[in-house]
Amino acid sequence: MIGVVGGGIAGLAAAYRLQQRGHEVHVFEATDQVGGLAAVYETAGDPLEKFYHHLSKSEETIVELAHELGLGEDVEWRIGENAYYVDGVVHPMDKPWEILAFPHWSVYDKFRLGMLTLDIDVRGGVPKFDTYERLEDFEDVPVKEFAREHTTENVYETFFEPLLEAKFGERAADVSAAWLLGRIKFRGERDILNGEILGYLDGGFGRLLDALVEAVGRENITTGARVTELSTTDGAVDSLTVDTDEGTETHGVDAAVVAAMPTVLEALTGYQCGIDFQGTICSVISLDESLTDTYWLNIADEAPFGALIEHTNFVPPERYGGEHLVYIAKYVQHTDDPYWQQDDEEIRETWLSGIEGLFPDFDRDSVNWVETARNPRTAPIYERGYLDMVVPYDLADEIAEGVYYAGMASRAQYPERSLNGGIVAGYECADRITGDR
């Protein structure tokens, strides 16, 4: 049997792939619910992810899996409208003429930013089309230095700097240019006349999790099962010790896939990962009426959050019983952050006061409910030298034969962590176990 530690999408994907190749697999999930960051809330209609999710056109593996599980026809591609809030004004930033009309950039600013998003290096006056091909070439370049050199000082100060501070807070100066370039490549496909093309699964990504669970078999998944020991003999893994409400059991295994945070890997094996992670406070606010006209509103303001993500400007509110649903997320770099210390009621007040500061006509009576989720490790800090710190999929040389890693510190979750990256990481481990790598 192959044991999988962690019932998030990476662990389920690894189990699914291994079963396809004829292996007996069992998934052990420490909490009482599979899905990890893709767990859901109930609404007046379809369930909604606790942490916002969508797909980029570059994410092909998750779409292929959806087709295999009979959900391919339910993957929808929509325009995810973007806007930028500056000095009390919402500026749409999707269509070429909207970007050209943005009053805070000169024509030259817009040209330089546009060339970067098209992967064209125009430094020196001669266009180059291969400068940005290898992210590794920019691993040790500070993002601030890169953005200034490859766009303009004004674009950096009015666009990149607020976004970096919202995403990475006090660690923004540590981030590498490779992350920024990778994010541009990750998100880049656009309809030239309308905006960015993003995907969603009709009914929510919880349906994909449910289909994966059914494919793996509920009898092959145990929740409330914390793996406390990974044992080896003669340099190879041979068993997992698991604690449940019913007691402690030891399961013999031929291989183990750790599909969890690197802290779990360290606790089980002693392997130390140098990657720092940050946490997220993510709330969903249900409203009677729409707050904005856009899906993703980046905010250059003294608000307590860096973006408002109005999900029902992307997926119709009719799917949610007519509710208008807005995500507000705050990244925190340590758990003594003042926002992290606030309880859910305090966070609710912070968010609503922040919205009132941006939109004076906002009516609190339109709020139906606010739900808040927290996780202390939702995303890596993509600092310089990050690729030297990723955890290998196959840890035979570092730990023992038969130990594999598919968690968020894997290569598949770079330059942006995603559901697709989790599936890729699970597959990468499964393929190495079955000899297909």
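Colleague: Leaving aside neighbours within four places in sequence, which residues is Leu65 in contact with?
Modeller: This is a predicted model: local features need pLDDT of at least 70, side-chain atom pairs count only at pLDDT 80 or more, and totals for chains, interfaces and linings use all residues. Residues are numbered from 1 along each chain as its sequence is written, and side-chain values use heavy atoms, without hydrogens and water. Contact means heavy atoms within 4.5 Å. With neighbours within four places set aside, Leu65 meets Tyr16, Leu208, Leu212, Ile423 and Tyr427.

Colleague: Which helix gives the most to the largest nonpolar core?
Modeller: A nonpolar core joins buried Ala, Val, Leu, Ile, Met, Phe, Trp, Tyr and Cys residues through side-chain atoms within 4.5 Å; buried means under 20% relative accessible area, exposed over 50%, partly exposed in between (1.4 Å probe, protein chains only). The largest core has 66 residues, and Tyr52, Ile62, Leu65, Leu208 and Val257 touch the most other members. Helices (H or I, at least four residues) and strands (E, at least two) are DSSP runs, numbered from the N terminus. With eight residues, the top contributor is helix 1.

Colleague: How many residues are in the second, separate core?
Modeller: Leu116, Leu164, Ala172 and Val258 are among its members. The total is 59 residues.

Colleague: Why is the Tyr52 and Trp296 pair edge-to-face?
Modeller: Rings of Phe, Tyr and Trp (its six-membered ring) pair if their centres lie within 6.5 Å; planes under 30 degrees apart are stacked, over 60 edge-to-face, the rest tilted. That rule gives 21 aromatic pairs. For Tyr52 and Trp296 the centres are 5.3 Å apart, and the pair is edge-to-face because the planes stand at 90 degrees.

Colleague: How many residues apart are Tyr52 and Trp296 in the chain?
Modeller: Both are buried. Tyr52 is in the loop between strand 4 and strand 5, and Trp296 is in strand 17. The separation is 244 residues.

Colleague: What kind of pair do Tyr386 and Tyr414 form?
Modeller: Tyr386 counts as buried at 0% relative accessibility, and Tyr414 at 5%. Their ring centres are 5.3 Å apart, with planes at 15 degrees, so the pair is stacked.

Colleague: Are the buried residues of helix 9 on the same side or on opposite sides?
Modeller: The buried residues are Pro262, Leu265 and Leu268. Their arc, taken from the directions from the helix axis to the C-beta atoms, is only 120 degrees, so they lie on the same side.
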